[in-house]
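Grab a pencil and work through these exercises with the model open beside you. Try each task on your own before you read its solution.

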Amino acid sequence: DGGTGRTAEPVDTHCPYCALQCGMRVRASGGGGVPAEVLERPAFPVNKGALCGKGRTAAELLAPAARLTTPLVRGADGALRPADWPEALDRVADGLRRTAAAHGADAVGVFGGGGLTNEKAYALGKFARVVLRTSQIDYNGRFCMSSAAAAHQRAFGLDRGLPFPLADVARTGCVVLVGSNLADTMPPALRYLTELRENGGRLIVVDPRRTRTAEQADLHLQPRPGTDLALALGLLHLVVAEGRVDEGFVAARTTGWERTLPGVMAHWPELVERITGVPVPQLREAVAMFCDAPESMVLTARGPEQQAKGTDTVSAWINLCLATGRSGRLLSGYGCLTGQGNGQGGREHGQKADQLPGYRKLDDPAARAHVAAVWGVDPDDLPGPGRSAYELLDALGRDVRALLLMGSNPVVSAPRAAHVAERIEALDFLAVCDVVLSETAALADVVLPVTQWAEETGTTTNLEGRVILRRRAVDPPPGVRSDLEVLAGLARRLGRPEGFPADPEEVFAELRRASAGGPADYAGISYARIAAEDGVFWPCPEPGSPGTPRLFLDRYATPDGRARFTPVQHRPSAEEPSAEYPYYLTTGRVLAQYQSGAQTRRVRELNAAEPGPFVQLHPRLAARLGVAEGEPLAVTSRRGRVVAPARLSAAIRQDTVFMPFHWPGEGRANTLTNPALDPVSRMPEFKVCAVRLERAATP
Ligand code: SF4
């Protein structure tokens with residue numbers, strides 16, 4: 001890739017933001033304080049040159065004015081002050097070492113991110129388990145796709161977001177899109193839905209809001225928040241009642257249908273209408289569209305997944321695919337639209353509390369032996385599974401007393417965020433690696449300024465399981481180092497001079513060995529192949545293997561090769577509306593901002609388009625509350641109170657309000673959200689909680 005820094009020639013690379021990982025070209029240019037420009041890359045097959053506003057303006061993130069360029073350490077006066085790298089790294093090593101010595105290895109925690117490259121995720125997991133020897137590592141991807149991942153594992157024995165290329169979506173007959181607002185979250189992907197309809201296919205969107213994506217649909221089902229599971233059961237009930245079960249497929253390629261059927265039949269359509277608010281005729285229309293098409297797909301995103309029953313909810317949608325034979329064959333199946341840039345790869349390489357590289361299970365003796373051999377350690381010295389992301393954050397300042405945080409901003413993005421901020425402030429020691437002084441970094445004892453996307457080389461794995469290469473296109477500003485260099489420096493100070501190379505290709509070579517033979521097998525993938533082939537789909541066990549764009553066509557990854565039905569039942573959300581908190585709150589993203597906003601809030605065009613938080617509510621609800629467009633509305637849940645301007649829209653249910661979660665401060669949506677956890681995936685219930693609404697005093 002060159003990797004040599006500033007060049008006048010554009011370099012092929014990928015967007016720093018979402019899981020679509022759009023191909024783009026970046027040319028070092030200078031001018032206006034921004035050292036590069038983003039150009040289209042029409043040859044990359046996923047986005048074919050299209051970029052949303054976030055990708056198009058991403059070069060602004062590279063401007064030195066927008067970011068940290070020197071380490072910061074907290075002085076005796078309590079303020080952060082500039083420091084040189086040796087001092088900053090010494091402080092971090094000292095803070096981690098002292099805590100472990102005083103309270104044990106598990107008193108040191110590590111928190112990673114779904115935007116880290118595969119190499120960084122791998123190195124961070126290895127650092128935690130080999131250098132710190134702590135079990136306490138997890139990452140913000142737990143908040144993103146963990147329910148879908150768990151349901152995938154349960155049904156198919158393997159989790160890859162989409163088990164087919166995104167392009168297949170345009171060629172199927174019917175897509176049910178559950179809880180995804182693609183038009184705002186990954187706009188270039190909307191083309192596949194447009195092509196689907198141009199090809200005569202049908203689109204069903206399930207969402208409590210009539211989003212810009214739902215406006216494209218042939219049928220929009222608008223359930224109450226937290227009732228997607230009942231909705232899927234109701235559809236499957238009708239499939240059975242109308243004799244549309246694919247008995248041959250169920251008999252030949254699945255197990256568990258008999259055990260699943262009674263729960264399905266208990267959810268008769270009128271009951272499902274009462275639970276979900278979706279009228280029975282719409283349920284029937286959806287079943288007809290789904291089953292009349294020769295092939296069909298269900299795609300879920302955070303809507304059904306970020307619930308305390310998210311895993312069961314996804315299982316219910318998978319059950320629908322299996323019962324109708326819409327799985328394990330070309331142009332049919334279930335898939336999850338992963339959210340974060342490397343949400344897929346980030347969970348495959350060892351920064352998740354229960355996993356080792358290659359998607360191996362941390363409690364599997366054979367997996368431990370394989371990875372320990374690659375790492376040159378005794379398998380018995382590898383810690384066991386640790387706490388999940390929210391549980392880890394909740395333990396800060398108590399059992400976990402020091403934290404190394406990389407690529408995440410939980411003060412804005414975690415549920416019950418005010419509590420999480422308190423826990424972070426209760427730490428004995430916090431070190432944060434980040435590009436900018438995020439709200440979380442501002443609380444740190446040491447902040448380490450690191451390189452970002454176009455300043456470094458490394459792989460990510462997009463939502464299709466396609467491993468791609470981000471290439472360095474510009475020199476980083478003086479004073480910053482890569483996360484890999486940081487880990488190498490810390491490992492050296494903590495007595496591990498070997499095993500933590502700073503060169504990403506060297507890390508990737510070791511990752512390939514560690515993943516070899518595992519479910520997510522990267523052994524046959526190299527930087528050169530990725531460059532030549534526009535990405536390689538895992539599993540790819542040999543250099544001569546073509547990779548695997550489509551999974552499960554012949555067999556599933558279960559011991560007997562069959563997909564597994566899971567019996568599931570509807571249950572209420574952890575919080576339902578009550579007299580005191582009579583409305584639902586649901587949260588999500590807007591077009592011009594991304595995740596905690598740490599990056600996008602610093603881009604002028606994006607910030608101008610969407611400068612702050614708001615509360616979307618129906619005009620009739622607004623009238624009842626006596627609040628007009630733009631007036632401040634107080635939203636209170638059992639966890640706190642926020643105030644943000646009202647944004648009136650008939651696109652949302654009258655019993656529900658929506659808030660985007662990109663901002664800190666008094667409009668921080670995650671002050672309100674409920675950390676009730678899914679029992680399987682440990683996913684918090686971001687998507688539904690109960691709130692009270694009041695017109696607030698005008699400031
Ligand atoms: Fe970047 Fe996602 Fe926008 Fe593509 S859709 S340009 S990957 S933010």
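**Exercise 1: A proline in a loop**

Pro478 sits in the loop that runs between strand E20 (466-470) and helix H19 (483-493). Keep in mind that this is a predicted model.

*Task.* Decide whether Pro478 is buried or exposed, and find how far its C-alpha atom is from that of Thr70.

*Solution.*
- Step 1: Count neighbours. Pro478 has 8 C-beta neighbours inside 10 Å.
- Step 2: Apply the cut-off. A residue with 12 or fewer counts as exposed, so Pro478 is exposed.
- Step 3: Compare chain and space. Pro478 and Thr70 are 408 residues apart along the chain, and their C-alpha atoms are separated by 8.5 Å.

**Exercise 2: A glutamate in another loop**

*Task.* Find Glu456, classify it as buried or exposed, and list its contacts beyond its sequence neighbours.

*Solution.*
- Step 1: Locate Glu456. It belongs to the loop between strand E18 (446-449) and strand E19 (458-461).
- Step 2: Count. There are 24 C-beta neighbours inside 10 Å; the cut-off for buried is 20 or more, so Glu456 is buried.
- Step 3: List the contacts. Setting aside neighbours within four places in sequence, Glu456 is in contact with Thr451, Arg472 and Ser482.
- Step 4: Add a distance. Val474 is 18 residues from Glu456 in sequence, and 8.1 Å away in space, C-alpha to C-alpha.

**Exercise 3: Domains and the ligand**

*Task.* Describe how the chain is divided, how domain 1 meets domain 4, and which residues are closest to the ligand.

*Solution.*
- Step 1: Divide the chain. The domains are domain 1 (11-66), domain 2 (72-143 + 343-537), domain 3 (146-336) and domain 4 (583-695).
- Step 2: Look at domains 1 and 4. Their C-alpha centres lie 29 Å apart, and eight residues of domain 1 are in contact with 10 residues of domain 4. On the domain 1 side of this contact there are four nonpolar, two polar and two charged residues.
- Step 3: Turn to the ligand. It is surrounded by 14 residues, of which Cys15, Cys18, Cys22, Cys52 and Gly55 are the closest.
- Step 4: Sort the shell. The classes are 10 nonpolar, three polar and one charged. Domain 1 (11-66) and domain 3 (146-336) each supply at least three residues of the shell.

**Exercise 4: Leu61 and its partners**

*Task.* Work out whether Leu61 is buried or exposed, and which residues it touches.

*Solution.*
- Step 1: Locate Leu61. Its loop lies between helix H1 (53-56) and strand E4 (72-74).
- Step 2: Count. Leu61 is buried, because 23 other C-beta atoms lie within 10 Å.
- Step 3: List the contacts. Not counting residues up to four places away in sequence, Leu61 touches Pro16, Ala66, Gln452, Gln599, Arg602 and Val603.
- Step 4: Look along the chain. Val435 is 374 residues from Leu61 in sequence, with 9.0 Å between the C-alpha atoms.

**Exercise 5: Helix H13 and the core**

*Task.* Check the length of helix H13 (residues 310-323), then explore the contacts of Trp317.

*Solution.*
- Step 1: Predict the span. At 1.5 Å a residue, the 14 residues of H13 should span 20 Å.
- Step 2: Compare. The end C-alpha atoms are 20 Å apart, so the two values agree.
- Step 3: Check the burial. In H13, 14 of its 14 residues are buried.
- Step 4: Look at the core. The largest nonpolar core has 192 residues, and Trp317 is one of those with the most contacts inside it. Leaving aside neighbours within four places in sequence, Trp317 is in contact with Val178, Ala232, Val298, Thr300 and Tyr334.
- Step 5: Find the other core. Apart from the largest one lies another, of 26 residues, including Tyr584 and Val691.

**Exercise 6: Unusual backbone angles**

*Task.* Examine the phi of Leu331 and of Phe552, and the peptide bond from Trp538 to Pro539.

*Solution.*
- Step 1: Recall the rule. Most residues other than glycine have a negative phi, and most peptide bonds are trans.
- Step 2: Test Leu331. Its phi is near 70°, a positive value, and Leu331 is partly exposed, with 19 C-beta neighbours inside 10 Å.
- Step 3: Test Phe552. Its phi is positive, about 70°, and Phe552 is buried, with 24 other C-beta atoms within 10 Å.
- Step 4: Test the bond. From Trp538 to Pro539 the peptide bond is cis, with omega near -5°. Pro539 lies in the loop between E21 and E22.

Notes
Residues numbered from 1 in each chain as written. Predicted model: local features only at pLDDT ≥ 70, side-chain atom pairs only at ≥ 80, totals over all residues. Domains from an automatic or database assignment. Contact = placed C-beta atoms within 7 Å. Nonpolar A, V, L, I, M, F, W, Y, C, P; charged D, E, K, R; others polar. Near = placed C-beta within 6 Å. Core = buried A, V, L, I, M, F, W, Y, C linked by C-beta atoms within 7 Å. Helix = DSSP H or I, 4+ residues; strand = E, 2+ residues; numbered from the N terminus. Expected span 1.5 Å × (residues − 1).
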